[in-house]
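Welcome to this short tour. Open the structure in your viewer, and let us walk through it one selection at a time.

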Amino acid sequence: MPRIVEIKDISQPELDAYARLTEAQLRNRLEPEKGIFIAESPKVISLALDGGYQPLSILTERKHIEGQAREIISRCPDIPVYTADDSVLEKLTGYRLTRGVLCAMRRPAPKAPQEICSGDNVRRIAVLENIADATNVGAIVRSAAALGVDAVLVTPSCCDPLCRRAVRVSMGTIFQIPWAYVCDEPQEWESHGAQILRRLGFKSAAMALCSDSVGIDDHRLMAEKKLAIVLGSEGDGLSKTTIAACDYTVKIPMSHGVDSLNVAAASAVAFWQLRAR
């Protein structure tokens, strides 16, 4: 039977994960084994459970207990289900629970790049350099999962792929595609990023508008056995150091005077065109 807990006081510490902890505090980099993330919506939570992620508690409107949260609650019989009317939950979280259900889950043990990028079957990876916008990170992960990318690496200054918004925008695909931090410190990526990718067995393609960029349909790119597609932040794009160190600089041809695409849109084009064949 589920443990239904009616919320009487929104300041009770058991609710801190949903209300008072920042993303950085949830992540808990100093003690990763204590880290938490928030999954939102029945579909996303279900994919996390399918992926073996450990649920800690559920937060849902009272009306959803026998509705859209019912299946999730039935899969998590031994954890508390905190509930109240939507007005109380909005006061607690600071936003409306438009998707009805939140679930606090234990962060998984971090994986090493070598763990997810080795093997002949891993032929295309995406590398996200310093992309701070959670919506873009979530959208890129979703495109990567849908369009044949085998793994995702993120730099230390990138938005956390398990932050609530990124998880939501990814529609839970972050639980389906292997991902890892490419290194531990920003300086390590800046000085040795391309070398790290080469040691993993990948040629690197920097997505950037430069005078020496090759088209995304260049036959040499298409023929690479193992290719890392490197994407930069909105506005600044990839650093000059990264562009110079990569094996290729690649652009998507534009029409009507458009200079570039949003990084999430560009990633989808790149993943499709450069997919392993």
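One definition will help at the last stop: a residue counts as buried when its relative accessible area is under 20%. Please also keep in mind that this is a predicted model.

**The sheet.** Begin with the five strands that make up an open, mixed sheet, in the order β1-β4-β3-β5-β2. At its edges you will find β1 (3–6) and β2 (36–40), each paired on one side only. From one strand to the next, the twist averages 25 degrees.

**A strand pair.** Now select β3 (residues 55–61) and β5 (residues 101–106), which run antiparallel and are joined by five bridges. Which residue of β5 stands opposite Ile58? Highlight Cys103 to see that partner.

**Two helices.** Next, show helix α3 (residues 42–50), which packs on the sheet and touches β2, β3 and β5. Its direction makes about 25 degrees with that of β5. Then add helix α5 (residues 86–93), lying across β3, β4 (80–84) and β5. Helix α5 runs at about 130 degrees to β3.

**The annotated domain.** Select residues 125–271, where an unreviewed UniProt entry places "domain: tRNA/rRNA methyltransferase SpoU type". This stretch is 36% helix and 18% strand, and its end C-alpha atoms are 9 Å apart.

**The cysteines.** The structure holds zero disulfides. Pick Cys183: the nearest cysteine sulfur, in Cys158, is 11 Å away. With 7% relative accessibility, Cys183 is buried. Finish at Cys246, whose nearest cysteine sulfur belongs to Cys210, 10 Å away. Is Cys246 buried or exposed? Its relative accessible area is 10%, so Cys246 counts as buried.

Terms used: Residues numbered from 1 in each chain as written. Predicted model: local features only at pLDDT ≥ 70, side-chain atom pairs only at ≥ 80, totals over all residues. Heavy atoms only, no water. Pairing = 2+ DSSP bridges. Helix = DSSP H or I, 4+ residues; strand = E, 2+ residues; numbered from the N terminus. Axes fitted to C-alpha atoms, helices over the stretch in contact; angles between N-to-C directions. Contact = heavy atoms within 4.5 Å. UniProt positions renumbered as here; feature names shortened; annotations may be inferred. Disulfide = S-S within 2.5 Å. Buried < 20%, exposed > 50% of the residue type's maximum accessible area, 1.4 Å probe, protein only.
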